[in-house]
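Biologist: I am new to this structure. Can we go through it step by step?

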Amino acid sequence: MKTLEVHCLGTAGYHPNESRHTSCYFLPQSGVLLDAGTGIFRLPELIQTDHLDILLSHAHLDHVVGLTFLLDILYQRPVKEVRVWGQAEKLAAIQEHLFHESLFPVALPVSWNSIDEQSEWDLHGTKMSWRLQEHPGGSVAFRLEAARPDSTPSDPPAVLVYATDTLGAEDPETLQWMSGADLLMHECNFDDQNQKWAEKTGHCYLQKALQIAVQTQPQRLLLTHINPIAELQLDAEVPSLQCPIEIATDGLRVAF
Ligand SMILES: [Zn+2]
Ligand SMILES: [Zn+2]
């Protein structure tokens, strides 16, 4: 069976550096973007659909500043419809502040869609659900389920869970919701030496991210939102985790 793919357009947290742009991931077959950091400038040549759905985990700048690049992106590769999804208060803050006329000259050709009313949405055939996370100002994790190309209705969907900018979920209900993913994309902004900083800023450190993977047993683990000034190293073996573990890099494509 063919697979779905996610392209890592930006894998840093906070700010870009020489090798990483800020958070942005793209599923070309579904037309779904996960966050809109500076990496979004790499989008045009990858677009395969006549629609785009941009899912925002929250409104911190490293996840939304790339929305201001959309005019050029859509000029290079026009699509019929662009929908931006997120919590209503975050969308309002973006429209009021990032797109304030003193900061940006024109309105974007997109629709702003609150996810607040429902816990589950259908995005052109991709089932999306979300959960609140602990992070300064709050953030949400997304779970995506979509049929793989050439699959039959009885085949299970491909499942991706994207959890970024989070202290790390520990409650059984959220862990259950995250479980069974073909691909778990989980943030790991800090190494274990910086556990205190992780907890102070509402992020994860390596052992915490691995613990969550052990409790949710994905088929594959991709660590994201990498601290731009401290490259993360995967040195420890994790005996209770059999799946491949990778650190996301810009340009990486992951099949699931
Ligand atoms: Zn961030
Ligand atoms: Zn954040």
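Biologist: What share of the protein chain's 256 residues count as buried?

Modeller: Keep in mind that this is a predicted model. A residue is buried when its relative accessible area is under 20%. Of the 256 residues in the protein chain, the share that passes is 55%.

Biologist: How many helices and strands does the protein chain have?

Modeller: Both kinds of element are present in the protein chain. The count is six helices and 14 strands.

Biologist: Why is the protein chain said to be as compact as a globular protein of that length?

Modeller: The C-alpha trace spans about 50 × 45 × 35 Å along its principal axes. For 256 residues the globule rule gives 18 Å. The chain comes close to that, so it is as compact as a globular protein of that length, with a radius of gyration of 17 Å.

Biologist: Among contacts between residues at least 6 apart in sequence, what percentage join residues at least 24 apart?

Modeller: A contact here means heavy atoms within 4.5 Å. Take the contacts in the protein chain between residues at least 6 apart. Those joining residues at least 24 apart make up 60%.

Biologist: Which residues does the UniProt domain annotation cover?

Modeller: The unreviewed UniProt entry carries the annotation "domain: Metallo-beta-lactamase". In the model, that span is 24% helix and 27% strand, and its end C-alpha atoms lie 21 Å apart. The annotation covers residues 32-226.

Biologist: Now the metals. Which residue coordinates both zinc ions?

Modeller: The zinc ion (ligand 1) has the protein donors Asp-62 (OD), His-63 (NE2), Asp-165 (OD) and His-225 (NE2), at 2.1 to 2.3 Å. The zinc ion (ligand 2) is coordinated by His-58 (NE2), His-60 (ND1), His-135 (NE2) and Asp-165 (OD), at 2.2 to 2.3 Å. The two ions are 3.6 Å apart, and the residue coordinating both is Asp-165.

Biologist: What is the arrangement of the four donor atoms around the zinc ion (ligand 2)?

Modeller: A tetrahedral site needs all angles between 85 and 135 degrees. Around the zinc ion (ligand 2) the angles run from 91 to 167°, which makes the arrangement irregular.

Biologist: And what is the arrangement around the zinc ion (ligand 1)?

Modeller: Its four donor atoms subtend angles of 92 to 162°. That range makes the arrangement irregular.

Biologist: How many residues apart in sequence are Asp-62 and Asp-165?

Modeller: Asp-62 sits in helix H1, and Asp-165 in the loop between S10 and H4. The pair links distant parts of the chain, and the separation is 103 residues.

Biologist: Is Asp-165 buried or exposed?

Modeller: Compare a fellow donor: His-60 has a relative accessible area of 33% and is partly exposed. Asp-165 has a relative accessibility of 1%. The cut-off is under 20%, so Asp-165 counts as buried.

Biologist: How many disulfides does a search of the whole structure find?

Modeller: A disulfide needs two cysteine sulfur atoms within 2.5 Å. For Cys-8, the closest cysteine sulfur is in Cys-24, 10 Å away and too far for a bond. For Cys-243, the closest is in Cys-188, 14 Å away and also too far. Across the whole structure the search finds zero.

Biologist: What is the relative accessibility of Cys-243?

Modeller: Cys-8 counts as buried at 2%. Cys-243 counts as buried as well. Its relative accessibility is 11%.

Methods: Residues are numbered from 1 along each chain as its sequence is written. Chains are lettered from A and ligands numbered from 1 in the order in which they are written. This is a predicted model: local features need pLDDT of at least 70, side-chain atom pairs count only at pLDDT 80 or more; totals for chains, interfaces and linings use all residues. Side-chain values use heavy atoms; hydrogens and water are left out. Donors are N, O and S atoms within 2.8 Å of the metal (3.2 Å for Na, K and Ca); water is not among the atoms, so sites may look incomplete. Four donors count as tetrahedral if all angles lie between 85 and 135 degrees; four count as square planar and six as octahedral if opposite donors are over 155 degrees apart and all others between 65 and 115; anything else is irregular. Buried means under 20% relative accessible area, exposed over 50%, partly exposed in between (1.4 Å probe, protein chains only). UniProt positions are given in the numbering used here, feature names are shortened, and annotations may be inferred rather than shown by experiment. Helices (H or I, at least four residues) and strands (E, at least two) are DSSP runs, numbered from the N terminus. The radius of gyration is taken over C-alpha atoms; the globule rule is 2.2 Å times the number of residues to the power 0.38.
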